[in-house]
Amino acid sequence: MTDMGMQEKISGEPSRNDNYAQSPEKRLEPSEPSAADDAAAGPDVAPEKPPPNGGLESWLNVAAAFCVFVNTWGLITTFGAFQEYYRTVLLRDESPSAISWIGSIQATLIPMLGVVTGPLVDAGYLRILILSGAFLIVFGMMMTSLATTYYQVLLAQAFCTGSGGGISYIPAMVVLSSSFTTKRAVAVGIASIGSSVGSVIFPIMFRRLQPIIGFPWAVRCIAFINLFLAIIACSILCRRPRAKTQARHLVEWKALKQPTFMLLSVSLTCVMLAYYVPIFYVTTYARVKLNTETNLSFYLVSIINGASAFGRTVPYLLGSRINTMFVLIACTAASAVAMYTWMATINTAGFIVWACYWGFLSGVLVTAPTSIVAHPVFTPDKNYLGTRMGMMWGISSFGSLAGAPIAGALVDLDQKNFVRAQVFSGSLMVGAVLLQVWPTIAAFRYDRKTRTLQ
């Protein structure tokens, strides 16, 4: 008896070479594991599930993302009301450009920190990101209520609250984008209504409460709402940890060599350079240029943000028929028109109509990129969705940082001259349209080819 036969007799198991002695039809192919192999793998190894496209858990993630939008973009787009109060009361000795840095830094940190938080989500650190971000948002607003000087407001509202929003936003969007396929754009649009809700309610609260209970308690009331919504978001998003893939770098260098991804990201930098100019200066423009009543000038921020709710949802209801990239480039072109026609608003009625028009477009501009980046043209490997989303918003954040302060330097309040800032914004939107042409063509070609192969 050979040694191999003796080993088989002692162990009672066939030799491992017997499998290869069988006929080819009976061999076990490595690429097709048997049921016994799956059972032996244990409960920790589960077969890969198809991407979800709805269900209770997915729609709960929409609700959680809604709360995150209220606490992040909802607070940022409220800054127009804060800026006017700072300019006339709390920080009257500071220039409009210096005050704009508060809102600009807050707006910049939300997308910029995505460069770090995106890869951390891919690495499985979802819970700690959501919890720490929620804490910083509430803590920052509470500290803002105690601020009396410029540097205190800068530290609390700009850096602390902005950092909390940056830590929370991208992780919530990654979870949301991973919960849907064909319905992703609609889900992101519904969740982003939270930004409009927050930016409508918070300015009205601030305007109505500040004369009655003072600046500190008006801000604290907003902070208590942030706390309530943060608890809801944390309880939903922290129920179970996100699946850990593998260690990620902060930057996926391959993405920097991909023309479609980089053109989209740079175009968003141009968009963000222009985006916050009307958001931050609409109240000042109404007061200084049009001589509107104080109450109406504050409510214009709410009017713009209320109109943006339609921009965040209506275009994406057509998402199954129209590529979202087409929606983005069309609304970017319309935004260029809005910036130039802003110069023609010479009375209150016309400015209200313009504010509604711009508000609708602004809702598209901040919502569409989040759903677009998950497209295979921009993110071929879905395991890198968090990294790509963080990189995209991180690149665009430089526009958020510089746009409003540059506009503040271009605005001449003594002469009531806003033309240079308006031309600056319109020209940037035109540049963004030109940069988005090739990504739009690439997405259209990919979708057409996919439909042909199906």
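These exercises work through a predicted model of one protein chain.

## Exercise 1: The whole chain

Find how many helices and strands the chain has, and what share of its residues count as buried.

**Solution.**
- Step 1. Take the helices and strands. There are 18 helices and zero strands.
- Step 2. Turn to burial. The chain has 454 residues, and 52% of them count as buried.
- Step 3. Look at the outside. About 20,200 Å² is exposed, and carbon and sulfur atoms supply 65% of that area.
- Step 4. Check the contacts with a separation of 6 or more. Residues 24 or more positions apart account for 83% of them.

## Exercise 2: A helix pair

Work out how helices α17 and α18 cross, and which residues meet there.

**Solution.**
- Step 1. Locate the helices. Helix α17 covers residues 385-410, and helix α18 covers residues 419-453.
- Step 2. Compare the axes. They come within 7 Å and cross at roughly 145 degrees.
- Step 3. Give the hand. The crossing of α17 and α18 is right-handed.
- Step 4. List the residues. From α17 come Gly403, Ile406, Ala407, Ala409 and Leu410. They meet Arg420, Ala421 and Phe424 of α18.

## Exercise 3: Two loop residues with positive phi

Asn291 and Lys416 are to be compared. Where does each lie, and is each one buried, partly exposed or exposed?

**Solution.**
- Step 1. Recall the background. Most residues other than glycine have a negative phi.
- Step 2. Read the angles. Phi of Asn291 is near 55 degrees, a positive value in a residue other than glycine. Phi of Lys416 is also near 55 degrees.
- Step 3. Place Asn291. It sits in the loop between α13 (259-288) and α14 (294-313).
- Step 4. Place Lys416. It sits in the loop between α17 and α18.
- Step 5. Classify Asn291. Its relative accessibility is 56%, so Asn291 counts as exposed. The cut-off for exposed is over 50%.
- Step 6. Classify Lys416. Its relative accessibility is 37%, so Lys416 counts as partly exposed.

## Exercise 4: Helix α11

Helix α11 holds Trp217 and Ile190. Find which nonpolar surface patch includes Trp217, and what Ile190 contacts.

**Solution.**
- Step 1. Mark the helix. Helix α11 spans residues 184-237.
- Step 2. Classify Trp217. With a relative accessible area of 44%, Trp217 is partly exposed.
- Step 3. Find its patch. Trp217 joins Ile212, Ile213, Phe224, Leu227 and Ile231 in a nonpolar surface patch of about 620 Å².
- Step 4. Move to Ile190. Its relative accessibility is 35%, so Ile190 is partly exposed too.
- Step 5. List its contacts, leaving aside neighbours within four places in sequence. Ile190 is in contact with Trp59, Val62, Phe66, Arg312 and Thr313.
- Step 6. Compare sequence with space. Ile190 and Ala309 are 119 residues apart in sequence, and their C-alpha atoms are 8.8 Å apart.

## Exercise 5: Two buried polar residues

Which residues do Thr283 and Ser335 touch, not counting those up to four places away in sequence?

**Solution.**
- Step 1. Place Thr283. It is in helix α13.
- Step 2. Classify Thr283. Buried means under 20% relative accessible area, and Thr283 has 0%, so it is buried.
- Step 3. List what Thr283 touches. These residues are Gly80, Glu84, Ser297, Phe298 and Val301.
- Step 4. Take Val301 further. Thr283 and Val301 are 18 residues apart in sequence and 6.9 Å apart, C-alpha to C-alpha.
- Step 5. Place Ser335. It is in helix α15, residues 324-341.
- Step 6. Classify Ser335. Its relative accessibility is 0%, so Ser335 counts as buried.
- Step 7. List what Ser335 touches. These residues are Trp358, Leu361, Leu365 and Met429.

## Exercise 6: Helix α16

Ile352 and Val364 both belong to helix α16. Is each one buried or partly exposed?

**Solution.**
- Step 1. Mark the helix. Helix α16 runs over residues 348-372.
- Step 2. Classify Ile352. At 28% relative accessibility, Ile352 is partly exposed.
- Step 3. List its contacts beyond four places in sequence. Ile352 is in contact with Leu296 and Leu300.
- Step 4. Add a distance. Ile352 and Ile303 are 49 residues apart in sequence, with 7.9 Å between their C-alpha atoms.
- Step 5. Classify Val364. Its relative accessible area is 0%, so Val364 is buried.
- Step 6. Add a distance for Val364. Its C-alpha atom is separated by 8.0 Å from that of Val327, 37 residues apart along the chain.

How values were computed:
Residues numbered from 1 in each chain as written. Predicted model: local features only at pLDDT ≥ 70, side-chain atom pairs only at ≥ 80, totals over all residues. Heavy atoms only, no water. Patch = residues over 30% accessible without salt bridge, like charges linked within 9 Å, V, L, I, M, F, W, Y side chains within 5 Å. Areas by Shrake-Rupley, 256 points an atom, 1.4 Å probe, with all protein chains shown as cover. Salt bridge = Lys/Arg side-chain N within 4 Å of Asp/Glu carboxyl O. Helix = DSSP H or I, 4+ residues; strand = E, 2+ residues; numbered from the N terminus. Buried < 20%, exposed > 50% of the residue type's maximum accessible area, 1.4 Å probe, protein only. Contact = heavy atoms within 4.5 Å. Axes fitted to C-alpha atoms, helices over the stretch in contact; angles between N-to-C directions. Left-handed = near helix turned anticlockwise from the far one by under 90°.
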